[in-house]
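Trainee: I would like a close look at a single part of this model, its interior. Please start from the outside and work inwards.

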Amino acid sequence: MDTGVLHGMTIGVTVLAALACGLILAVTPRAWLNDSAHLQRWQSSRWARGMGPMLLGPIIAAAVAVVFTLFVLAPLETGWSAYAPLGGTTFAPGQPNSADRIVSALLLGLIAGATSFLVTADVSVRRLPDRIVIPLSLVALGLIITGSVLGALPMWFWSFFAGLLGLGAFAALHLVGRALRARTMGLGDVKLAFIVFAVPGLFDPWAPALVLVAMMLISGAWALIGAIRAGRVRGVTIAFGPAMLSGMWLGCLFAPILL
């Protein structure tokens, strides 16, 4: 089959997966919020109860799928890739097979579809719902393992170890904060960390590092705006989930181009 057709199918599956995920989450807020007060706050927001969160997912999915096919799959097909051993630029891993394309499309699509709901929930109710984050993380882990077993490309191993390292680092930071009774990472942010660092690992070996820089800059800017609006610095807190997720997608979009 023509390479252009395969790339088009990959993009299409990614967008459809995001749309399906968004539809499910849009009609089940009562199930995944699991809190009457949080549900009331969710339903009081015109954006949250409208079509916005559901439609934003496919838009994100389309953008990242185009970058993934043009800057990750296409270079891998020609042997020119950032995933070369020992820091080189060329190697011959073999053509991406059906598992590489389908599994990566499902992974990117499902996470893109859930992104706007997670961001909206963290901003509106200051919570990353476990009933989204935990199943999504388990599905992502399962897809990454499936890709590493059935796929032909090396990106799956980078993705797995980047996610594991990010999860471990955020968990350690959370535990240090609890021990010192200082505000650091929330437990919801820790649970989200595997996804935030695993997904960029598909795009470039150094993409997780770019994600970390991006999320810190975004959270810093957001905290500064919050402090200015409050007229004080002490006691000002922000939802870190949106910075993590926006940093993740920025890293995915720009790492293959910049690095």
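Mentor: Start at the surface. The chain exposes about 12600 Å², an area from the Shrake-Rupley method with a 1.4 Å probe, where for residues only the protein chains shown count as cover. Carbon and sulfur atoms supply 70% of that area.

Some ground rules come next. This is a predicted model, in which local features need pLDDT of at least 70, side-chain atom pairs count only at pLDDT 80 or more, and totals for chains, interfaces and linings use all residues. Residues are numbered from 1 along each chain as its sequence is written, and side-chain values use heavy atoms, with hydrogens and water left out.

Now the frame. The chain has eleven helices and zero strands. Both are DSSP runs numbered from the N terminus: helices are H or I with at least four residues, strands are E with at least two. The C-alpha atoms fill a box of roughly 55 × 40 × 30 Å along the principal axes. The radius of gyration is 19 Å, which agrees with the value near 18 Å for a compact globule of 259 residues. That radius is taken over C-alpha atoms, and the globule rule is 2.2 Å times the number of residues to the power 0.38.

Go inside. Of the 259 residues, 46% count as buried. Buried means under 20% relative accessible area, exposed over 50%, and partly exposed in between, with a 1.4 Å probe and protein chains only. The largest nonpolar core has 59 residues. Such a core is a set of buried Ala, Val, Leu, Ile, Met, Phe, Trp, Tyr and Cys residues joined through side-chain atoms within 4.5 Å. Phe203, Met248 and Trp249 touch the most other members. Helix α6 (residues 98–125) gives the largest share of this core, ten residues.

Contacts reach far along the sequence. Among contacts with a separation of 6 or more, 75% join residues 24 or more positions apart. Contact means heavy atoms within 4.5 Å.

Ala18 is a good case. Ala18 sits in helix α1 (residues 3–27). Its relative accessibility is 0%, so it counts as buried. Leaving aside neighbours within four places in sequence, Ala18 is in contact with Gly57, Pro58, Ala61, Gly109, Leu110, Ala112 and Gly113. The C-alpha atoms of Ala18 and Ile111 are separated by 7.2 Å, although these residues are 93 apart along the chain.

Thr69 is another buried residue, with a relative accessible area of 2%. Helix α5 (residues 52–78) holds Thr69. With neighbours within four places set aside, its contacts are His7, Thr10, Ile11 and Ala74.

Compare Gly168, in helix α8 (residues 155–180). At 39% relative accessibility, Gly168 counts as partly exposed. Its C-alpha atom is 25 Å from that of Pro256, 88 residues away along the chain.

Finish with two loop residues. Asn34 lies between α2 (29–33) and α3 (36–43). Its phi is near 55°, a positive value in a residue other than glycine. Asn34 is partly exposed, at 45% relative accessible area. Arg126 lies in the loop between α6 and α7 (130–150). Arg126 also has a positive phi of about 55° without being a glycine. Its relative accessible area is 46%, so Arg126 is partly exposed.
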